[in-house]
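Subject: Structure handover, cysteines

Hello,

Here is the structure for your work. My notes on the cysteines follow below it.

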Amino acid sequence: MNAADKNVCPECNGEKVIQGTCECNSEWRGSKVDDDWSDCQCVPQVTCPMCKGTGTVEK
């Protein structure tokens, strides 16, 4: 299969991973780090489930 038979993955835009996000809200406590509470919940980056980390999908 050559490059002409593939498109850039629409979910990750060819980046191969989906960047994690953080949401912060002072009205709720996110998680405890050592003895301190963090008001943020963060999701780590993950391999794109659509292209399986290749950055491209078949046409």
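Please keep in mind that this is a predicted model.

Core

The largest nonpolar core has five residues: Cys9, Cys12, Cys48, Cys51 and Val57. Two of these cysteines can be described by their accessibility. Cys48 is buried, at a relative accessible area of 1%, and Cys51 is buried as well, at 5%. Cys9 is in contact with Cys48, Cys51 and Val57, and also with Gly14, Met50, Gly55 and Thr56, when residues up to four places away in sequence are left out. As background, nonpolar side chains in soluble globular proteins tend to be buried together.

Disulfides

How many disulfides are there? The count is two.

One disulfide joins Cys22 to Cys42, with an S to S distance of 2.0 Å. The angle about its S-S bond is 115°, and the link is right-handed. Cys22 sits in strand S3 (residues 22-24) and Cys42 in strand S6, so this pair ties together parts that are 20 residues apart in sequence. Cys22 is exposed, with a relative accessible area of 53%, whereas Cys42 is partly exposed, at 47%.

A disulfide also joins Cys24 to Cys40, with 1.9 Å from S to S. This link of Cys24 and Cys40 is right-handed too, with 105° about the S-S bond. Cys24 belongs to strand S3 and Cys40 to strand S6, so the pair connects parts that lie 16 residues apart in sequence.

Counting bonded cysteines along the chain, the disulfide pattern is 1-4, 2-3.

Cysteines without a bond

Cys48 takes part in no disulfide; the nearest cysteine sulfur belongs to Cys9 and is 3.7 Å away. Why does the sulfur of Cys51 have no bond to the closest cysteine sulfur? That closest sulfur is in Cys48, at 3.8 Å, which is too far for a bond, because a disulfide requires the two sulfur atoms to be within 2.5 Å.

More on Cys40

Cys40 is in strand S6, which covers residues 40-42. Cys40 is partly exposed, with a relative accessible area of 23%; it falls outside the buried class because that class ends at 20%. Cys40 and Ser26 are 14 residues apart in sequence, and their C-alpha atoms are 8.3 Å apart in space.

Regards

Technical notes
Residues are numbered from 1 along each chain as its sequence is written. This is a predicted model: local features need pLDDT of at least 70, side-chain atom pairs count only at pLDDT 80 or more; totals for chains, interfaces and linings use all residues. Side-chain values use heavy atoms; hydrogens and water are left out. Helices (H or I, at least four residues) and strands (E, at least two) are DSSP runs, numbered from the N terminus. Buried means under 20% relative accessible area, exposed over 50%, partly exposed in between (1.4 Å probe, protein chains only). A nonpolar core is a set of buried Ala, Val, Leu, Ile, Met, Phe, Trp, Tyr and Cys residues joined through side-chain atoms within 4.5 Å. Contact means heavy atoms within 4.5 Å.
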